[in-house]
Amino acid sequence: MRKVLLGSLILLFIFVGCSQKDSSDWYDTKEKAIESGLKQEGIDESAVLSVEEYEGEMIIFFENEGALSIANIIESEKGYSWFRNEPYFDFDVDVEGELPYTIAGFDFETKKGSKGSVLYGKVIDPSIQKMMLLGDGIDRELEVSGDSKLFYTIHRQPFTSLKVVTVKE
């Protein structure tokens, strides 16, 4: 009886595994894949903060109700598809008047397995229009995005070695 039950369970796992299909929607252009992905997220093109190349893959930075997320566009023989593996990142703190900005970071992995790290933050002080990232090779300016006041960048150095300073105009 045990052998029959064990054999049935093994066959069940095999059938379930073989019947799994790729449920991604595929499109003939990257633009259509982005449009479809944004629609899945319940947002439109105005939510896209930037489209960046990272290790040969297209990374989309976008915001939804003040929170940041990323997705990547997968390319295969089927075409192009939207893939979001990360949650939305936001700051749920009321620090108005106490801090000029907040920062945090997260690691990500694309569908093809490329790994990276993102430093992100939110500006609270309205006089801050730009941020500078120090400690990741060449110092670089980070734009503060419109109403959401988010800033972000992909970085290569450990988060603890990075420094963010404000640029007031």
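The following exchange goes through the strands, burial and contacts of a predicted model.

In this predicted model, local features need pLDDT of at least 70 and side-chain atom pairs count only at pLDDT 80 or more, while totals for chains, interfaces and linings use all residues. Residues are numbered from 1 along each chain as its sequence is written, and side-chain values use heavy atoms, with hydrogens and water left out.

Trainee: How many helices and strands are there in the protein chain?

Mentor: Helices (H or I, at least four residues) and strands (E, at least two) are DSSP runs, numbered from the N terminus. Read along the sequence, the pattern is α-α-β-β-β-β-β-β-β-β-β-β. The count for the protein chain is 2 helices and 10 strands.

Trainee: Which are the edge strands of the open sheet with the order E8-E7-E10?

Mentor: This open sheet has 3 strands with antiparallel pairing, where two strands pair if DSSP finds at least two bridges between them. Strands that pair on one side only are the edges, namely E8 (140–143) and E10 (163–168).

Trainee: Which residue in E10 does methionine 131 stand opposite?

Mentor: Strand E7 covers residues 128–134 and runs antiparallel to E10, with 6 bridges joining the two. Opposite methionine 131, in E10, stands threonine 166.

Trainee: What share of the 169 residues in the protein chain is buried?

Mentor: Buried means under 20% relative accessible area, judged with a 1.4 Å probe and protein chains only. Of the 169 residues, the buried share is 39%.

Trainee: Among contacts between residues at least 6 apart in sequence, what percentage join residues at least 24 apart?

Mentor: A contact means heavy atoms within 4.5 Å. Among contacts in the protein chain between residues at least 6 apart in sequence, the portion joining residues at least 24 apart is 50%.

Conventions
Buried means under 20% relative accessible area, exposed over 50%, partly exposed in between (1.4 Å probe, protein chains only).
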